[in-house]
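Let's take a stroll through a protein model. Have the sequence and the 3D view ready as you read.

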Amino acid sequence: MYEKAVDFIYYNDIARVTAFILLFIISYLLISSQYNINTQFAIGYGAVIVMFIALQFKKLPDSVVLFLKFMGFMVVMRYLYWRTFESLTYEGFFDFIGAILLYIAELFAITIYLLGIFTSLNLLKRKPIVLDEYPKEQWPSVDILIPTYNEPQHIIENTVLAALAMDYPKEKFHVYLLDDGGTDQKCNDSDPVKAQEARLRRKNLQKFCKFCGATYLTREKNENAKAGNLNTALKSVHSELILILDTDHVPAKQFLKKTVGWFLKDEKIFLVQTPHAFYNPDPIERNLRMGDTAISENDMFYKHIQLGHDFWESSFFCGSAAVLRRKYIDELGGIAGETITEDAETAIKLHDKGYKSAYIAEPMVRGLQTETFAALVLQRLRWTQGMIQIFILKNPFLSKNLRWYQRLSYLSASFFWFFAYSRVIFYIAPLLYLFFGLKIYNANNVEMLAYVVPHMIMAVMMAYFLYAKVRNPFFSELYETVLSFFTLPAIVSVLLNPRKPTFAVTPKGQEMMHDHVSELAFVFVIVFTLVGLGFIAALIRLYFYPDQFGVVLMTGAWNLLNFLLLIAAIGVVSEKKEVRKYIRIPLNMECKIITKNGSYEGIIADLSEGGLNMTPSDSSVKFEEMFRESPEVELELKDVDGKPFRIKGHYLKAFGWGKYLVFVFDDISNNILLRQKLIQIIYGNTTKWQEIEGKKPIMTPLESFGYILKQSFHNAMFKEAYISTFKKAANYLTGVVK
């Protein structure tokens, strides 16, 4: 009966419009009933109680989930109604300025929040089309394009070798390395050192490509960054599809088989995008030592938000790990390049033409995340500027052909990047009252309890409800805190001149040889000091104005939250060393040690491109004595298909009272087959990586916030950060005096 009623409302136009009107009237009455504060207490805390009960269930019916999202919408809208019509009063000019700045910040934050709910209304979980159902002669040809600029050669080689090992008919795909680091322009640089480096790079990469079977391409000039590099290459390649891989994105062997089927199923599909997954922690995870525990920051987008975009027919190109139909790219005249986020720009143009995209949420590449905080900031500056450019230059609401839900979906993707304004204002706002007494938030204690408190609690609970499996609570606040102070000036710059930003390549493959404080730490030291002084100002204000106790208490609590997040920010800019040459992955896999004395079985604990750590099955054998006399061995492993292969190596050491044995592989740089097998086991073993990531715990909001604080206190280098800031200030003042 229930399902029939839902179907009737959904599929009957009159019933659907009537239900919408009734829902709108009820919503308006609940939101606008400000005259009765008791009603608002009941609505606010009633919603909190309902959400708390719902969170106790692991699985809820879709109709209940939809109701809870609607309830979250109601709570935030009643707060916004009250803020707009009841609390925006002020006494003086500066109060007015502060009140408006804070109100706009809240509007931005609420808009992002509501667009997030819209995007998450339903998630489309597509499955790969089984390619074996089609005759092989119908399988499309593919050009695999790997653009590179300044990445280390071993990173490039891994991606090229993995691409060459795709499980796809060899005559139907070709691998091209697009080298923007060895262009004619760079090889003829006026700086002889730079010119020599470029010529050597070109020579080495040409030699490698010839050796392994890839094709090396470069161009005359470095124009229009990555988009220009790709478009130049398109003149030399002619397959039906193109797979674009960032230089550090090592693909799994099944990538093509699990993506190209959608192009056979639907002629209008221009894009099949897959997630970007990573094999190393980002600087925030590494510096706070939580990479093995915290859910990756990228998971929220690639495991949740993109599925929502796909439901609204607007999953977009993310620059890599994506297959595109060549003829539609040609229809545009190539990869779009008006903005510095050429990927999303290309997608919105093709969606505007009525073509379709598909998103398969199975990670089939493993990439390298930035190693330093400064590199992370540079990367996010580019993303921010590019998406703001799209918001201004390619505004989805100016499109003639996008459907209303596609417009909202793209608006959500681009408008999100204004978060920096809200975040910075939220740090400044309490200080305006504590330091200067500005009354920028006019509310009494009863109103704070009726509107503000349930609104904030509900926001945390809704974020947990929507994203708990893909983002630890308060991690968004942490990431936004450490990025906002740098991205806000970039936003202002784009607003003033939307065509000014230029593409900046994200540095990767950097070595972190020792602990140190980032050169960007001074920003957080200054803000941390000001927020700390805010507590002293609060005590002074209480002494002189005891009647303002409630306001001081609420503002002080707000300031305390900011203070705690800034402690985490100091921890984030406390860079930790990382001296390992190769990534190691835990691996519970059988192996054999083959020596002149015999063969011994064991279990691999972890594996890298350089060697492995294993536990021998027979603990009675005195391996340390045996290997001291004859360290040379052969190690038998199993590839991703379960077939055995051997690598020569030698014994390095034992630890754990002989429980673990470490072996180093001999040089296999010229053995393509062995390197491909190792690369596939380490980077392309999707089952193993899912197992590793699946072990990360889902934390409650309190657990997550406590975890952030614990890791921050353990890893923040406060003394070094302050010393670094004082030195920077002294150098600046000395320069000014001179």
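Here we look at one serine, one cavity and the cysteines.

This is a predicted model, where local features need pLDDT of at least 70, side-chain atom pairs count only at pLDDT 80 or more, and totals for chains, interfaces and linings use all residues. Residues are numbered from 1 along each chain as its sequence is written, and side-chain values use heavy atoms, with hydrogens and water left out.

Start with serine 608, which sits in the loop between strand 14 (598-607) and strand 15 (611-616); strands here are DSSP runs of E, at least two residues, and helices are runs of H or I, at least four, numbered from the N terminus. Leaving aside neighbours within four places in sequence, serine 608 is in contact with Tyr582, Ile583, Arg584, Phe665 and Ile682 (contact means heavy atoms within 4.5 Å). The side chain of serine 608 also reaches the backbone nitrogen of glycine 610 at 3.1 Å.

Is serine 608 buried or exposed? Buried means under 20% relative accessible area, exposed over 50%, and partly exposed in between (1.4 Å probe, protein chains only). Serine 608 counts as buried because its value is 3%, and two cysteines get that label too:

| Residue | Relative accessible area |
|---|---|
| Serine 608 | 3% |
| Cysteine 187 | 7% |
| Cysteine 591 | 5% |

How many disulfides does the structure hold? Zero, with a disulfide taken as a pair of cysteine sulfur atoms within 2.5 Å. Cysteine 187 has its closest cysteine sulfur in cysteine 209, but the two sulfurs are 15 Å apart, so they are too far for a bond.

Terms used
A polar contact is a pair of N or O atoms within 3.5 Å; within protein, one must be able to donate a hydrogen and the other to accept it, and residues adjacent in sequence count only if both atoms are side-chain atoms.
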